[in-house]
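Me: I'd like to go through this one by asking what earns each label. Could you set the values against the cut-offs as we go?

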Amino acid sequence: MKKFIKANFADLILVFFLILILLGGLVKPFINPISLLASENRYANKLPKITMNNIMKESTHDKINLALGDQLPLATKIKKAYIVLRGNVFLREARLISNAAKDQYIPLFDVSLLNGRLVYKPLDFSLYKKDLDKMILKYNKIIKNNRNQKYYFYLVTQDVLVDFNNKPYPVKEYLLKGLETSNVDTFNIESFNDFKNKFYSTDHHWNNIGQYEGYREILKLLNLKDKPAIVSSSNCNNYLSGSKAQKLGGSYVLKEKICYEEYELPNYQISVEGKSINYGDAIFNQSENKITNYGSIYGWDYGQIIYTNNDSVRNNNLLIVADSMSNSINKLLANHFKNTHIIDVRHYKRVYGKKFEVNEYAKSHNINDILILGTGYYFINEDL
Amino acid sequence: MTFNGLTFIFWFLPIFFFLYYLIKDQRIRNILLLIGSLFFYAWGEPVYILLMLIITVLTYIIGLLINKFDKQKKYSMKKTMLLLSILMIIGALGFYKYSDFFILNINQIFNAKIKLLDLPLPLGISFYSFQILTYIFDLYMNKIKVQKNIFYLLLYVSLFPKIMVGPIVKYSSIEKQLYNQNITFDDVVYGIKRFIVGLAKKVIIANQMAMIANNIYDNNLSSAGTFGIWLAAFAYALQIYYDFSGYSDMAIGIGRMLGFNFTENFNFPYIAKSITDFWRRWHISLSTWFRDYIYIPLGGNRVTKLKWIRNIFVVWMLTGFWHGANWNYIIWGLYFAIILLFEKLFFQKYLDKSPSFVKWIYSFILILIGWVIFRNEDINVMFMVLKMMFSWSSTNLVEFVQAYPDAFYYSIFFIPAIIFMVPTIKICEKQKTTFKNIIYNGMLLMLFVLSIMFLLSSTYTPFVYFKF
């Protein structure tokens with residue numbers, strides 16, 4: 001035996017570790033399977049119930065494969081390592097090309113590099129208009145059926161609606177032409193530099209400069225002559241790694257500076273999906289090397305958020321139907337109303353089990369003004 | 001089930017081998033092997049497993065009859081049985097694989113409107129059909145004894161390491177191992193190492209080469225330029241080599257772990273210095289099959305020159321047709337027939353005198369052209385690609401990246417693909433000291449983990465805006 005071990009020592013080590021890996025893979029999915037994959041922002045796949053009826057079905061095999069992909073020992077870490085490795089290598093390759101190719105979009109997975117900065121490639125505007133046309137019909141119908149509240153539309157133009165090598169798409173003109181209201185405005189990007197100034201690089205959201213500009217424009221759109229909220233303090237850190245960075249491998253590939261501004265605002269009562277909790281309180285620790293993102297600073301998306309401003313001089317109520325763009329300016333807008341309701345239709349149905357009916361909601365909550373606020377994608381979301 | 005699936009690696013492999021090595025009784029072990037093989041096949045092909053079983057049962061009966069008529073010296077009946085079995089096996093293969101090809105051609109030639117059958121191709125049918133035929137042919141030629149126990153014939157046909165993608169293992173080569181699998185520790189270790197190498201070839205290299213080739217071929221080729229077209233051809237050549245040889249490595253490795261010695265299927269084909277040499281190194285089990293069961297029975301080269309040329313054309317046309325039901329595969333087969341004849345009749349003597357590098361370049365370019373024919377089922381596209389390969393047009397790097405981003409980014413994988421295209425691994429395997437062996441095995445272990453990493457990466461599907 002000793003002789004055998006001595007002669008085959010290297011091979012025995014190989015076999016031992018291989019058995020260890022395979023056994024781990026065999027047993028782990030059954031013992032305490034993980035439910036949540038934080039690194040992928042989703043629920044983990046779990047092994048399906050295997051019965052004699054489904055054991056030979058392709059769907060069962062697919063589910064098993066997906067479950068193993070999530071539940072194997074160190075699966076999350078291994079996947080992350082691969083994505084980070086790939087992201088780093090490919091980003092380096094892309095930057096080399098992007099630096100040499102001025103003003104040209106260099107594709108990199110689902111995003112692109114333009115002059116070294118992460119951007120989304122512009123959508124085909126003719127196709128986008130087709131989707132928007134459908135929604136304009138829908139909006140007009142909603143406006144027509146409701147003469148008690150005023151409707152306002154504010155579209156946040158992002159890189160997907162701007163071809164930086166050409167003119168920005170005439171989205172505002174198109175909305176004004178189609179919608180049966182003149183209460184329409186868009187957050188514009190005038191140039192690539194303007195875009196760099198108002199949006200994050202690693203994330204698709206507007207930054208503190210863009211948010212504040214948007215907020216002031218919305219005040220004008222709503223015909224409010226009030227003074228805008230004033231900045232009281234500002235905190236910055238260098239650990240933002242947003243949605244665009246996620247596509248490349250997340251925080252380990254790209255990070256940037258993010259600044260969060262405190263404003264002089266009243267104390268609100270905030271209800272999130274019926275529960276009284278703090279919302280949009282920045283988890284923002286400058287001293288720690290913590291990766292942060294838009295949601296953790298300004299608040300995540302929910303089906304319903306209600307701000308009650310007891311200090312309000314006005315008794316009007318505002319309904320904002322919006323995507324995550326509004327998260328950063330909800331509290332600023334809430335300053336000008338008694339009650340501010342924020343509905344994200346993408347989550348409303350999940351929470352309340354029914355489709356969101358804007359006019360019905362406005363009537364039952366004594367809403368005075370309705371603001372549709374979001375990105376180009378949100379404006380064509382059929383759940384609206 | 002495929003060897004490079006997580007289910008196979010983390011479920012089937014450990015459970016099956018644990019039981020297989022636990023059982024000492026050879027008969028029970030064989031029963032387990034048969035059950036495991038049928039389960040493995042049925043996992044991917046729950047319906048057409050019946051077809052495989054029926055063909056095996058009928059082959060078994062015909063085999064008994066061939067043996068009986070041989071003993072009774074009823075040679076015409078014996079021949080009839082042989083023809084019947086060929087008709088049955090090739091008939092099934094033809095029906096499932098080639099029906100639509102023939103219908104399409106009949107429709108085109110006679111302007112007919114016969115509806116296509118659109119049949120799914122039963123998994124591994126091309127491989128197991130040819131393996132069953134080796135039993136029948138060798139039995140007919142009295143090279144082997146008749147198999148009187150259907151269990152062993154079924155075990156031979158369904159043996160899971162080789163049923164899907166080969167190698168095409170002759171019945172005669174593993175007949176004895178069907179009864180008794182002598183497994184040593186060295187066999188197990190060799191099998192494990194071979195499996196890891198095969199898995200890495202498939203998931204680390206072949207899949208990335210596929211990204212490059214598909215990205216170029218499946219998009220508008222106008223931005224590719226001459227460089228891009230050659231890059232795609234090279235990537236596809238590497239894809240098909242690493243894919244197929246990787247699978248063969250895994251099959252041979254698992255076979256060895258089970259106590260079977262399967263035929264080698266590849267021997268570094270891209271270092272070949274002539275096309276004749278290439279076909280001695282590429283898909284060896286298929287080339288051997290055609291040589292033994294078609295070329296030699298037709299007379300091989302021991303006939304008149306004209307008949308010999310005919311034999312070559314027949315064999316290569318069939319080789320092409322075996323690969324797929326489309327004209328490009330036939331053209332591909334005939335393309336090699338012409339080159340092989342050209343080499344054998346005129347060129348080999350000049351080639352022998354040429355420097356090694358010239359011989360390699362000559363072979364490799366012809367092989368690449370062959371793969372372009374093989375890859376493009378649309379004949380018009382095929383000719384267009386070939387034309388683009390030989391008419392110069394420059395490639396703008398930025399336009400290339402914009403049009404084929406995957407081809408650009410994944411090009412980094414050409415480095416390992418080229419390194420392991422030559423016998424690097426054989427050099428590594430020669431290390432003998434314990435220390436060097438530990439290093440080598442450690443590298444293999446890392447290769448395995450890296451392969452799992454690539455496999456797992458396909459399940460990385462983040463939802464960026466999802467809220468917990």
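Me: Which residues of helix 13 of chain B are buried?
Reply: Bear in mind that this is a predicted model. In helix 13 of chain B the buried ones are W308(B), N311(B), I312(B), V315(B), W316(B), T319(B), G320(B), F321(B), W322(B) and H323(B). Their cover includes helix 4, helix 5, helix 11, helix 12, helix 14 and helix 15 of chain B.

Me: What makes the span of helix 13 of chain B close to the expected one?
Reply: Helix 13 runs over residues 305-323, which is 19 residues. At 1.5 Å a residue you'd expect 27 Å, and the distance from the first C-alpha to the last is 27 Å.

Me: Why is S451(B) called buried?
Reply: The cut-off for buried is under 20% relative accessible area. S451(B) has 0%, so it counts as buried. This serine belongs to helix 21 of chain B, residues 434-457. Beyond its neighbours within four places in sequence, S451(B) touches L199(B), A200(B), V203(B) and I204(B).

Me: Which residues of helix 8 of chain B are buried, then?
Reply: Helix 8 covers residues 171-179, and Y171(B), I174(B), E175(B), Q177(B) and L178(B) are buried there. They pack against helix 2, helix 5, helix 6 and helix 7 of chain B.

Me: What is notable about the phi of D118(B)?
Reply: Its sign. Most residues other than glycine have a negative phi. D118(B) isn't a glycine, yet its phi is positive, near 50°. D118(B) sits in the loop between helix 4 and helix 5 of chain B.

Me: And is D118(B) buried or exposed?
Reply: Exposed takes over 50%. D118(B) has a relative accessible area of 66%, so exposed it is.

Me: What about H283(B), where does it lie and what is its phi?
Reply: H283(B) is in the loop between helix 11 and helix 12 of chain B. Its phi is positive too, about 40°, and H283(B) is not a glycine either. On accessibility, H283(B) comes out at 0%, so it counts as buried.

Me: Over to chain A. How do you know that C236(A) and C259(A) form a disulfide?
Reply: The two sulfur atoms have to be within 2.5 Å. For C236(A) and C259(A) the S to S distance is 1.9 Å, so the pair passes. The structure has one disulfide over all chains. The angle about the S-S bond is 105°, and the link of C236(A) and C259(A) is right-handed.

Me: What does the pair of C236(A) and C259(A) tie together?
Reply: C236(A) is in strand 8 (residues 231-240) and C259(A) in strand 9 (residues 256-263) of chain A, so the link ties parts that are 23 residues apart in sequence.

Me: Why is C236(A) called partly exposed, and why is C259(A) called buried?
Reply: Partly exposed is the range between the 20% and 50% cut-offs. C236(A), at 23% relative accessibility, falls in that range and so counts as partly exposed. C259(A) has 14%, which is under the 20% limit, so it is buried.

Me: What makes P33(A) partly exposed?
Reply: Same check: P33(A) has a relative accessible area of 28%, so it goes in the partly exposed class. P33(A) lies in the loop between helix 2 and strand 1 of chain A. Leaving out neighbours within four places in sequence, P33(A) is in contact with K46(A) and Q71(A). P33(A) and L72(A), 39 residues apart in sequence, have their C-alpha atoms 9.0 Å apart.

Me: How do helix 5 and helix 6 of chain A cross?
Reply: Their axes come within 10 Å and cross at roughly 35°. The crossing of helix 5 and helix 6 of chain A is right-handed. On the helix 5 side the contact uses F125(A), K129(A), L132(A), D133(A), I136(A) and N140(A), and on the helix 6 side V171(A), Y174(A), L175(A) and G178(A). By class that contact has six nonpolar, two polar and two charged residues.

Me: How many helices and strands does chain A have?
Reply: Chain A has 14 helices and 15 strands. Of its 384 residues, 54% count as buried. Among contacts in chain A between residues at least 6 apart in sequence, 69% join residues at least 24 apart.

Technical notes. Residues numbered from 1 in each chain as written. Chains lettered and ligands numbered in written order. Predicted model: local features only at pLDDT ≥ 70, side-chain atom pairs only at ≥ 80, totals over all residues. Heavy atoms only, no water. Helix = DSSP H or I, 4+ residues; strand = E, 2+ residues; numbered from the N terminus. Buried < 20%, exposed > 50% of the residue type's maximum accessible area, 1.4 Å probe, protein only. Contact = heavy atoms within 4.5 Å. Expected span 1.5 Å × (residues − 1). Axes fitted to C-alpha atoms, helices over the stretch in contact; angles between N-to-C directions. Left-handed = near helix turned anticlockwise from the far one by under 90°. Nonpolar A, V, L, I, M, F, W, Y, C, P; charged D, E, K, R; others polar.
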